[in-house]
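User: I am new to reading structures, and I would like a close look at one helix. Could you go slowly and explain each term as you use it?

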There are 2 protein chains.
Amino acid sequence: MAIGEFKIINTEGEARRGEFQTRMGSFQTPAFMPVGTQGTVKGILARDLEEIGAEIILSNTYHLHLRPGENVIKDLGGIHEFMNWKGPILTDSGGYQVFSLSKLRKITEEGVTFRSHLDGAKVLFSPENVVRIQETLGVDIMMVIDECLPPNATQEEVKKSWQITLNWAERSLAAKNRADVLPFGIVQGGMFEEERERAINDLIKLPFAGYAIGGLSVGEDKETMRKITAFSAPKLPKNKPRYLMGVGLPIDIVESVALGVDMFDCVIPTRSARFGRLFTMDGYINIRNKEYRTDSNPIDADCDCYSCRNHSRAYVSHLIHAKEMVGATLASLHNLRFYQRLVKMIRSKIEANEFSLFAEECRKKWNEN
Amino acid sequence: MAIGEFKIINTEGEARRGEFQTRMGSFQTPAFMPVGTQGTVKGILARDLEEIGAEIILSNTYHLHLRPGENVIKDLGGIHEFMNWKGPILTDSGGYQVFSLSKLRKITEEGVTFRSHLDGAKVLFSPENVVRIQETLGVDIMMVIDECLPPNATQEEVKKSWQITLNWAERSLAAKNRADVLPFGIVQGGMFEEERERAINDLIKLPFAGYAIGGLSVGEDKETMRKITAFSAPKLPKNKPRYLMGVGLPIDIVESVALGVDMFDCVIPTRSARFGRLFTMDGYINIRNKEYRTDSNPIDADCDCYSCRNHSRAYVSHLIHAKEMVGATLASLHNLRFYQRLVKMIRSKIEANEFSLFAEECRKKWNEN
């Protein structure tokens, strides 16, 4: 397969089973990308990321630009060498972080100026800058910068903002220098179908290697998230991967695949793990609960992760209560493996045309929780 | 070898190269025990402890009694099963923790009553209790409870305290129920040679499987620590292992081996790691320093640890600066491996009668730092 090629292996309804090729190899879709914001998935060694079965991971342009800086990483051989992760890497542009973490943001025609959350230094993120940073990092898939709006933005605000984001998307493509760093565009449009449609129509005219649905999972209710995903995903090009940014819980992955989404990322498996919420195919358990303190069973008897092969619920419970790092690591290893097992299962179900049945089972089991 | 047997393989001056047998296998001496206070070595998976080359680890009676409780651990199959560590485990009695962490301590004839640092619950640690807890945990080597004094205790205080500690030592032996849980006695005596001599003479009359030098590394100066170690170690039985508690820096290990010590434990390799101090045979480096932020070399080109095989100084520096868990883990893996490589080197040097030469080289390299 050529770099940037997306091969669809099977479809079932809107659900798609595919494979996407990057410079650092291909990954199977639907895919879940563990989040390695600062060049590391929290608590997980590179070798364990491989064991978990992750095929592509996500990192963050905003964070890596501020520390250690893209030129440092380039001089060290690029982001794959830096992290010692040999598979594909996608970087989020950092637009979301500019709006959520930094201070004194100011949007101008040129881009967005802000102050670093680390040292207060003034930084400009322009579409050209953000492309340059990601090409310098040497990532496989780069997200263009977009303006992120709160979920309660008015239609007028959303409409106006999209003109900026669209202009930035065009400039991002014009600024590209590397053919092997694949650009993904981001659909915005808030919670308005009319604006989502406008954004999609504008964006799919631009030759992106993939298309993301942005601006969801930002505080809106589940029903709205599903409605906008259902409305948007099928309108995106069939021959390109579709990425739903920042989503979500296991049930969200299943539901969104059913709506035609191919790629996901979310901090939930690692963040929940640190607080003791552990996923299984029967729902989640809170390992901090009293009943697990003496439980000699593994977290999930069906799981093949390092934690489940080697440790009891009681041990993980003890370590989480004792605030020991290894507790967070064991819990994260399990949750990340659960997500990989889930997308692997989804892939095999779509191949066998049994996904809609599987999705129905998941709804029954996980909505009761 | 029988359980509790100590075989001396070679000696060079006071330095000894030996092997000690426990129920869960033997370990080679001089030995360094990584510290797993709460049933986990901070940041290190059980699998990685093996890879580091640790042959025996230390845990803590005080902490495990308060959480999760020795009966919970027993019901889960004992401490080895609980931690999934199949080698020998030594538990400190918790005397030190009673005096450093808990509130409202009160020493009576029966033992020491204190309030838990976790929930304020009233707890009694008597010699009998502490033996029972460690036998219930199922450890391989148990330390008797002792009274820990501050380094500025007067000779009168030290003398009086020793009568309590000696009485507790006798009662500990009388309370034993398991032949396969080996008891170690602890020499106290403050910074006074006269009191140390008294304590040693009293203690070696009791049939312990090994003898520890306690009450050092508690805030006294280096010279005093060396002087008391030099005075005490050679007076302990030649046919039993000698354990210097809570020591120390790499140079302290080398110097103390030269004085006749066989076993060590210390939080320095893991605690220092979390702050970025990394050990090499040429001294230590502080990975937070600016020069390492762009350094593509491994922490130590001579090291075979996971970190040095897979990552650059620049990456570890980045993660420590970014306060990422993996930074602490990579640094701890390296430092713990360094300590294991050091004791392995010491063992081979004693075998070859080249230890005094090696110690001289270490002094030159490490005292300059």
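User: How many of the nine residues of α13(A) are buried, and is this helix largely enclosed by the rest of the structure or left open?

Analyst: Happy to help! This is a predicted model, in which local features need pLDDT of at least 70 and side-chain atom pairs count only at pLDDT 80 or more, while totals for chains, interfaces and linings use all residues. Residues are numbered from 1 along each chain as its sequence is written, and chains are lettered from A and ligands numbered from 1 in the order in which they are written.

Now to your helix. Eight of the nine residues of α13(A) are buried, so the helix is largely enclosed by the rest of the structure. A residue is called buried if 20 or more other C-beta atoms, placed from the backbone, lie within 10 Å of its own C-beta, exposed if 12 or fewer do, and partly exposed in between. The name α13 comes from counting DSSP runs from the N terminus: helices are H or I runs of at least four residues, and strands are E runs of at least two.

The buried residues are Arg313(A), Ala314(A), Tyr315(A), Val316(A), Ser317(A), His318(A), Leu319(A) and Ile320(A). A handy rule for looking along any helix is that an α-helix has 3.6 residues a turn, so residues three or four places apart point the same way.

What covers these buried residues? The cover includes α12 (306–310) and α14 of chain A, and also α3 (70–75) and α4 (79–83) of chain B. After α13(A) comes Lys323(A), which has a positive phi near 55°.

Since chain B has come up, let us look at where the chains touch. Chain A brings 32 residues to the contact, and chain B brings 32 residues; two residues are in contact if their C-beta atoms, placed from the backbone, lie within 7 Å. On the chain A side, α3 (70–75), α13 (313–321) and α14 (325–351) each supply at least two residues. Your helix, α13(A), gives the most to this side, with five residues. Sorted by class, the side of chain A that touches chain B has 14 nonpolar, 13 polar and five charged residues. Here Ala, Val, Leu, Ile, Met, Phe, Trp, Tyr, Cys and Pro count as nonpolar, Asp, Glu, Lys and Arg as charged, and the others, Gly among them, as polar.

How are the chains arranged? Chain A can be superposed on chain B by a rotation of 180° with 0.0 Å of shift along its axis, at an RMSD of 0.0 Å. This is the relation of a two-fold axis. In chain A, Met325(A) has the C-alpha nearest the axis, 3.7 Å from it. Such a superposition is a least-squares fit on the C-alpha atoms of residues with pLDDT of at least 70 in both copies. Of the interface residues of chain A, 100% are also interface residues in chain B, so the copies meet through the same surface.

Finally, a step back to chain A as a whole. An automatic or database domain assignment sets the bounds, and for chain A it gives domain 1 (6–266) and domain 2 (273–334). The centres of these domains, taken over C-alpha atoms, are 31 Å apart. Seven residues from domain 1 of chain A and six residues from domain 2 of chain A make up their contact. On the domain 1 side, helix α1 (residues 46–52) of chain A gives the most, with three residues.
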